[in-house]
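Student: I've got a protein model open and I'd like to know what backs up each label. Can we go through it together?

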Amino acid sequence: MTPIKSITRLLFISAIIILAGCASGIPISTNTKYPIEVLYDNQPLDRPYSEIGVVEITSEDSLTARQTQDKRMMYRGNDAKTKELLTARLVIKAQKIGADAIINVKYKYYTSVKSEGYMLSGLAVRYRGE
C-alpha cells in the first residue's frame, strides 16, 4: 500500500470513529441553567438519590407545506431553542412531583411521510440526606 493510500485510509477510519462517538450521547444543551439539575444520558449523578418516576413530554404534528416543498423533506427537527423550551417543560413537570433533578434525559425526534414528533424523557429523582 502506498503512503498516500495509507494516510487516506487512516484519515477515513479516524473520521468514522469520531463521528460514531459524536452520534452517541450528544447533550441537548449545556448552557441553560434550570431550577433543578438536568443530566443527560451520558452524565452520571454522583450523589445519593431516590427515584420518583419517569417524566416525559411528547408531541406529534402534521408536516407543514414548508417542510415538504418540492416533495422533499425540508426543515425537519427542532432547533436548539425549541429543545431548551421542551427541557424547561420537562423540568416543570418534574418539579411538580418533588424532583431535585432529572437524570438520563433523552431526546428522540421522528418523522414520517405526513407527520413529525418528539419525545423528551428522563428519570425524576430526589436527593437523599438533604
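Tutor: Sure. This is a predicted model, and the protein has two helices and four strands. Along the sequence they follow the pattern α-β-β-α-β-β.

Student: What makes arginine 47 count as sitting over the ring of tyrosine 127?

Tutor: A charge over a ring needs the CZ of Arg within 6 Å of the ring centre and within 35 degrees of the ring normal. Arginine 47 is at 3.7 Å from the ring centre and lies over the face of tyrosine 127, so the pair fits the distance cut-off.

Student: And how many aromatic pairs are there?

Tutor: Zero. A pair needs ring centres within 6.5 Å, and by that rule the count comes to zero.

Student: Where is confidence lowest, and where is it highest?

Tutor: Helix 1 (residues 3-23) is lowest, with a mean of 54, while strand 1 (residues 37-40) is highest, at 92. For the protein, the mean pLDDT is 77, and 64% of residues reach 70 or more.

Student: Why should I not read residues 19-27 in detail?

Tutor: Their pLDDT stays under 50 on a scale from 0 to 100, and the model has two contacts for them beyond four places in sequence. Where pLDDT is low, the predicted coordinates should not be read in detail.

Student: What share of the protein is called buried?

Tutor: Buried means under 20% relative accessible area, and 26% of the 130 residues count as that. The protein exposes about 9100 Å², with carbon and sulfur atoms supplying 56% of it.

Technical notes. Residues numbered from 1 in each chain as written. Predicted model: local features only at pLDDT ≥ 70, side-chain atom pairs only at ≥ 80, totals over all residues. Heavy atoms only, no water. Phe/Tyr/Trp six-rings, centres within 6.5 Å; stacked < 30°, edge-to-face > 60°. pLDDT = per-residue confidence, 0-100. Contact = heavy atoms within 4.5 Å. Buried < 20%, exposed > 50% of the residue type's maximum accessible area, 1.4 Å probe, protein only. Areas by Shrake-Rupley, 256 points an atom, 1.4 Å probe, with all protein chains shown as cover.
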